[in-house]
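User: Please take a close look at one part of this model, the packing of its helices against one another, and describe it in a connected way. I would like the surroundings of the ligand to be included where they touch on that part.

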Amino acid sequence: MVKELPYFAGKEIPQKYLGEYFFNREKELKELKWKLERTPPLNFALYGQRRVGKTSLIEKLKQELEKKNLPIFIKCEELLPLDELTFLENLTLRLLEEYSKLSPLLGVKKTMQDLVITTKIGLEMADLAFWLRFGEKKITLKEALDKSFDLINKISLKSKKKVIIFLDEFQELFAFGDKFLWALRAKIASSQASFVVSSSWHRFKEELTHEKRPFFNFFETYEIKAVPKEEARDFLLRRARKFNLCFDEAVLDKILEVSECKPFYLQLLALKCYILSLPRKKVTLRIFEAALKETIASIPAHLVTGFERLRGRNKEVFLVLCLFDFKKPAEIASKIGLDAKNVIVILARLIKEHDLVKKERNNYFTADKFLKEYVKLQYIDNSGN
Ligand SMILES: Nc1ncnc2c1ncn2[C@@H]1O[C@H](COP(=O)(O)OP(=O)(O)O)[C@@H](O)[C@H]1O
Ligand SMILES: [Mg+2]
């Protein structure tokens, strides 16, 4: 058996481990649950930086909703949306799977293939299965969309429960273009189910609030942010106690500060501290420093890619922002011999297009502190050559 660790850092926390590793988010859970269970239910859009805990929150919410409702969790990126039709086919397969769970005749273990062959769940299902098998035989996008949403209504009818559909990484569908999005909007609007979509795409909020875009004012938007400090501290300590792990008081503050209470970094730092402290399990400042160094050296790949994609002036401005704690465009401008005006334009690009910079009260910062430290490390290493 795999040994339990005090902390968990990675992608979403798996459902069966939520009890151990998921903390806080009570406000979000309460509000979302209430608004989803009431009638008429609302449609939500959750947004926030990567690894801030959107999918984990959805997993938890799903668990809580399961008692009275029928929540269905769908990861858009797993449905491989190469094109609209493939996406809708895959979506329908997923929904068929849910539908088949409702039919005692079939049992949960039956695979889709069995379903297709035996078609025990009735004529419409046979019809659907046929379409999915011979999908290449011209079906229009409209028909495909109608079928998948019909199936959602069938699931609500048959289960007699409120169906709540979660579409994680919803921004994947934006690649299909506006015509598809308008049609999807109309379908969601008239569906009996509620929809909760989520996305890390930094332009997502803009998409939902821009009056010319298909989903303008459609979802109630909800930002997922870092967790409150006290809750983070309680969580770290609660787990530490279970493992006889002991943090020096100063270390605990450091973890909270450096991670900015973003749950992923919080857990990653604490986990590395734990591992480096073995077998004594006493986390000193020195151990923390070593854990921090390791964390910086192994930041998530999407951050590294984001940085490496930068070219020319964009890269120069970002580098200067990382290397010298400058916050003002004028400071950056004088360092690289550009006009402050131009620097502002570049910074705006780094915010909007690259999601690498953030602006707070006319001061500029790197959006991820760990990337900043990573860049520093790279720069110091490379400049030696
Ligand atoms: N509520 C939470 N409690 C504890 N850890 C969390 C929580 N939310 C997120 N995390 C941490 O962040 C990591 C990434 O979470 P995830 O749900 O995949 O984020 P997102 O979907 O926003 O990218 C998890 O592996 C876990 O370490
Ligand atoms: Mg996620």
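Analyst: What follows starts with the chain as a whole, moves to two helix pairs that share a member, and ends at the ligand.

The model is a predicted one, and its protein chain contains 18 helices and nine strands. Of the 385 residues in the protein chain, 35% are buried. When contacts between residues at least 6 apart in sequence are considered, 69% of them join residues at least 24 apart.

Helix 13, which spans residues 285-297, can serve as the point of reference, with helix 12 (residues 263-277) as its first partner here. The two pack with their axes 9 Å apart and at an angle of about 125°. Because the angle falls outside the ranges that count as roughly parallel, roughly antiparallel or roughly perpendicular, helix 12 is described as oblique to helix 13. The crossing in which helix 12 passes helix 13 is right-handed. On the side of helix 12, the contact is formed by Leu268, Leu269, Lys272, Cys273, Leu276 and Ser277, and these meet Ile287, Phe288, Ala290, Ala291, Leu292, Glu294 and Thr295 of helix 13. Sorted by class, this contact of helix 12 with helix 13 comprises nine nonpolar residues, two polar and two charged.

The second partner is helix 11 (residues 249-258), which packs against helix 13 at an angle of about 25°, again with the axes 9 Å apart. Helix 11 and helix 13 are therefore roughly parallel to each other, since an angle under 35 degrees counts as such. Here too the crossing, that of helix 11 past helix 13, is right-handed. Helix 11 contributes Ala250, Val251, Lys254 and Val258 to the contact, while helix 13 contributes Leu285, Phe288 and Leu292. By class, the contact of helix 11 with helix 13 holds six nonpolar residues, one charged and no polar ones. Phe288 and Leu292 of helix 13 thus appear in the contact with helix 12 and also in the contact with helix 11.

Helix 12 also leads to the ligand. Ligand 1 is surrounded by 22 residues, of which Gly53, Lys54, Thr55, Ser56 and Pro263 are the closest. The elements giving two or more residues to this shell are helix 3 (54-65) and helix 12. In the shell around ligand 1, nine residues are nonpolar, seven polar and six charged. Helix 12 is therefore an element that packs obliquely against helix 13 and that also gives two or more residues to the shell around ligand 1.

Key:
Residues numbered from 1 in each chain as written. Chains lettered and ligands numbered in written order. Predicted model: local features only at pLDDT ≥ 70, side-chain atom pairs only at ≥ 80, totals over all residues. Axes fitted to C-alpha atoms, helices over the stretch in contact; angles between N-to-C directions. Helix = DSSP H or I, 4+ residues; strand = E, 2+ residues; numbered from the N terminus. Parallel < 35°, antiparallel > 145°, perpendicular 65-115°, else oblique. Left-handed = near helix turned anticlockwise from the far one by under 90°. Contact = placed C-beta atoms within 7 Å. Nonpolar A, V, L, I, M, F, W, Y, C, P; charged D, E, K, R; others polar. Buried ≥ 20, exposed ≤ 12 C-beta atoms within 10 Å, placed from the backbone. Near = placed C-beta within 6 Å.
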